[in-house]
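The following paragraphs offer a guided reading of one protein structure. The reader is invited to keep the model in view while following the text.

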Amino acid sequence: MARFRYSMQNILSIKEKMETQAKQRFGEAKRNLDLEEDALNKLFILREEIEEHAREVLTGDLDVHEIEDSQMSRIICDEKIAAQKLRVKAAEDELERARTELEEAVKERKTHEKLKEKQFDEFIREENRAESKVIDELTTYTYGQKVGENG
């Protein structure tokens with residue numbers, strides 16, 4: 001039996017490598033998004049602490065400087081939260097781009113694998129046809145030999 005060789009194996013190998021790279025980029029984008037969301041959550045916790053401190057300042061002895069500092073801290077924290085939300089959005093967009101790229105790479109690889117499968121099926125059919133032809137020829141030869149001996 002002949003050996004099967006897929007004519008576009010090089011392309012399939014490249015598609016597999018592209019899929020692997022897309023998976024890595026997707027993983028990196030997911031990790032980056034997780035880090036940015038974690039940083040945002042920490043800022044929300046910090047804002048809660050600042051607001052708690054502001055409530056304590058307002059219920060105790062009134063110190064104008066401490067009240068102003070507390071308000072300024074809250075404003076700065078809110079600005080950091082707004083900036084962090086933008087970073088989270090950018091990370092989400094990057095993750096979506098990586099997801100789309102990965103889906104496309106998987107689709108291309110699967111397409112080439114289906115082509116390889118079809119080519120392999122055709123190879124098997126050709127091999128079976130060739131094998132049947134050889135068997136028919138042997139049967140005809142053997143039958144002819146027996147008829148020649150008996151005739």
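In this predicted model, Asp61 sits in the loop that links helix H1 (9-59) to helix H2 (64-150). Asp61 is exposed, because its relative accessibility is 75% and the cut-off for an exposed residue is over 50%. Asp61 also belongs to a surface patch of negative charge, in which it is joined by Asp63, Glu66, Glu68 and Asp69.

A patch of another kind involves helix H2, where Ile75 is located. Together with Met72 and Ile76, Ile75 makes up a nonpolar patch on the surface, and the three have about 260 Å² of accessible area together. Ile75 itself has a relative accessible area of 44% and is therefore classed as partly exposed, since this value falls between the limits of 20% and 50%.

The description now turns from the surface to buried positions. His112 is likewise placed in helix H2. Its relative accessibility is 13%, so His112 counts as buried, the limit being under 20%. Beyond residues up to four places away in sequence, His112 touches Tyr6, Met8, Ile11, Leu12 and Lys15.

Which residues does Lys15 contact, leaving aside its neighbours within four places in sequence? They are Glu108, Arg109 and His112. Lys15 is part of helix H1, while His112 is part of helix H2, and the contact between these two residues thus joins a position in each helix. Lys15 is also buried, because its relative accessibility is 17%.

Definitions and conventions. Residues are numbered from 1 along each chain as its sequence is written. This is a predicted model: local features need pLDDT of at least 70, side-chain atom pairs count only at pLDDT 80 or more; totals for chains, interfaces and linings use all residues. Side-chain values use heavy atoms; hydrogens and water are left out. Patches are made of residues with over 30% relative accessible area and no salt bridge: like charges are joined within 9 Å, nonpolar side chains (Val, Leu, Ile, Met, Phe, Trp, Tyr) within 5 Å. Accessible areas come from the Shrake-Rupley method with a 1.4 Å probe; for residues, only the protein chains shown count as cover. A salt bridge is a side-chain nitrogen of Lys or Arg within 4 Å of a carboxyl oxygen of Asp or Glu. Lys and Arg count as positive and Asp and Glu as negative; His and the chain ends are not counted. The place of a charge is taken as NZ of Lys, CZ of Arg, CG of Asp or CD of Glu. Helices (H or I, at least four residues) and strands (E, at least two) are DSSP runs, numbered from the N terminus. Buried means under 20% relative accessible area, exposed over 50%, partly exposed in between (1.4 Å probe, protein chains only). Contact means heavy atoms within 4.5 Å.
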